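Reader: I'm new to reading protein models. Could you walk me through this one, step by step?

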Amino acid sequence: MSLRRALLLIATSGVLLAGVMLLVQSKVLFIRSEEVVFHNGDVTLHGTLVLPRFGTPPYPAAVLVHGSGTTTRKQLRAWGGKFAPEGMALLIYDKRGTGES
């Protein structure tokens, strides 16, 4: 591979990477999250409330719950980046016995 071709490849990769980083950062700018705790008797559950950064509440909302096993809300947080920029709130929580619950 020639030096010119290698430099062009590096420059192109840098532009693509910068574009991906900008897209990710722009989505993050449109969301905010709050850690929440709720109780039912002696059971305490921990969760994350992901909200749109802009707009006026009340927001349409959904509750996202992981399946059985060792999955926690941390594996589902990426969904907040999909819903919140579109104006939707999302509650993700750890089921009893997993994560921080």
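**A histidine and its surroundings**

Author: Sure, let's start in a loop: His 66 lies in the one between E3 and H2. Keep in mind that this is a predicted model.

Reader: Is His 66 buried or exposed?

Author: To count as buried, a residue has to stay under 20% relative accessible area. His 66 has a relative accessible area of 4%, so His 66 is buried.

Reader: Which side chain makes a polar contact with the side chain of His 66?

Author: Careful, because there are two polar contacts to keep apart here, and a polar contact needs N or O atoms within 3.5 Å. The side chain of His 66 reaches Lys 95 at 3.1 Å, but the atom on the Lys 95 side is the backbone nitrogen. The side-chain partner, at 3.3 Å, is Thr 98.

Reader: Where does Thr 72 lie, and why does Thr 72 count as buried?

Author: Thr 72 sits in the loop between strand E3 (61-65) and helix H2 (78-83). The cut-off for buried is under 20%. Thr 72 comes in below that cut-off, so it counts as buried, with a relative accessibility of 14%.

Reader: Which residues does Thr 72 touch, not counting those up to four places away in sequence?

Author: Look at His 66 to begin with: leaving aside neighbours within four places, its contacts include Thr 72, Asp 94 and Thr 98. Now switch to Thr 72, with close sequence neighbours again not counted. Thr 72 touches His 66, Asp 94, Thr 98 and Gly 99.

**Stepping back**

Reader: In what order do the elements of the protein run from the N terminus on?

Author: You have two helices and four strands to place. Go along the chain from the N terminus, and the order is α-β-β-β-α-β.

Reader: Which of the elements has the lowest mean pLDDT?

Author: For the whole protein, the mean pLDDT is 74, and 71% of the residues reach 70 or more. Strand E2 (residues 43-52) has the highest mean among the elements, at 90. At the other end, with a mean of 46, is helix H1 (residues 3-29).

Reader: How many contacts beyond four places in sequence does the model have for residues 6-26?

Author: Over residues 6-26, pLDDT stays under 50. Where pLDDT is low, the predicted coordinates shouldn't be read in detail. With that caution in mind, the number of contacts beyond four places in sequence that the model has for residues 6-26 is two.

Definitions and conventions: Residues numbered from 1 in each chain as written. Predicted model: local features only at pLDDT ≥ 70, side-chain atom pairs only at ≥ 80, totals over all residues. Heavy atoms only, no water. pLDDT = per-residue confidence, 0-100. Contact = heavy atoms within 4.5 Å. Buried < 20%, exposed > 50% of the residue type's maximum accessible area, 1.4 Å probe, protein only. Polar contact = N/O pair within 3.5 Å; in protein donor to acceptor, adjacent residues only side chain to side chain.
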